[in-house]
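Trainee: Hi! Could you walk me through this one? I'd like to start with the pockets.

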Amino acid sequence: MNFTKFPRRKYLQGPTPIESMPALSKILGDDVGLYVKRDDLLPGAGGGNKTRKLEFCIADAIKKGADTIITCGAVQSNHARLTASWSAKEGMDCHLILEERVKKSYKQEASGNNFLFELLGVKSIGVVEAGSDMMAEMEKKFEALKKEGKNPYIIPGGASNDIGALGYAACVEETMAQLNDMRLKIDYLVVPSGSGGTHAGIVAGMIGVNGGIPVYGINVSRVKDVQEELVFELAGKTAEKLGIKNVIKRDEVICFDQYVGPGYSLPTDSMVEAVKLFSQNEAILLDPVYTGKAAAGLIDLVRKNGFKKGSNVLFLHTGGSPALYEYLETFR
């Protein structure tokens, strides 16, 4: 795959580590070898997967002469935090539209990512009710900023378009190079599946490098069929953008929706267990919204023999631990 065709900023400082998780593997019976790809250690204020996507999205904005970034997310959005951080690094203004997916969940004085928005110098935060047309809301802000003489650029939620997904197609190349160097055979890759860009980029990238590793997405909000269709469509667009000739098949997009619980960002017992198991046995902090629920899915699949005995499973840690500090009551 040729990524030199696209504008790209240099935010990464080399590959993120792939680590063995022997203690967690042992606790779960030692039938499966567990590994983690530490994208929580990516640069940016607090780290996380969106840095890979923003290398391409913000580069596209700069190429188009933008001086202001507009994006959207939930009230504790990791994507919003990282967009604000890289906007600050580039000397660009950042404006956020936040969707209150859980009624009355937005608090101006909240901790976690919400505090970091303030610390990172976000110029404005607009809060809209659940189910709002987020692109339409961002376009309103776009027009208002244009009237003020700014040149804004919209990045969709999660940077989940065919530009942002390039970051995770590139991540597949990075990962396969590491696995080959480590002489480590991975049989399954497990990823959080939310706005879809990370999952879609990995599916496209896996086809592009002929990696042959099944990718399991653990949903954090939508039902299985809806999420799979969203990821499949975006993976196809990403593959087309990269000029990948092999066709992505519908059955290569696999999602599990059993771990969402009562709704997006709402705690579950299995999420709490997963966060504690990772922290107390592997010294790895997950987040309560994405990686916590994805890890709950990973753990449950191991327990229910969802992976072949003796196989190796790589879990993609997409970051998000700053959000933990807004969930103290859940863990205490």
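Mentor: Happy to! On a 1 Å grid over the protein atoms alone, a pocket is an open set of points where a 1.4 Å probe fits, with protein on both sides within 12 Å along at least five of seven lines; lining residues have an atom within 4 Å of a point. A volume is the space filled by probe spheres set on the points. This is a predicted model, where local features need pLDDT of at least 70 and side-chain atom pairs count only at pLDDT 80 or more, while totals for chains, interfaces and linings use all residues. Residues are numbered from 1 along each chain, and side-chain values use heavy atoms, without hydrogens or water.

Trainee: Great, so what volume does the largest pocket have?

Mentor: About 610 Å³. It is lined by 27 residues, and the closest to its centre are Arg101, Gly157, Gly194, Ser195 and Arg222.

Trainee: Which helix gives the most to that lining?

Mentor: That's α8, with four residues. Helices here are DSSP runs of H or I with at least four residues, strands are E runs of at least two, and both are numbered from the N terminus.

Trainee: And how much space lies in the second largest pocket?

Mentor: About 360 Å³. Of its 20 lining residues, Val75, Ser105, Ser265, Glu326 and Tyr327 are the closest to the centre.

Trainee: New topic: how many bridges join β4 to β5?

Mentor: Six, between residues 93–100 and 124–129, and the two strands run parallel. Strands pair if DSSP finds at least two bridges between them. In this pair, His95 stands opposite Ser124.
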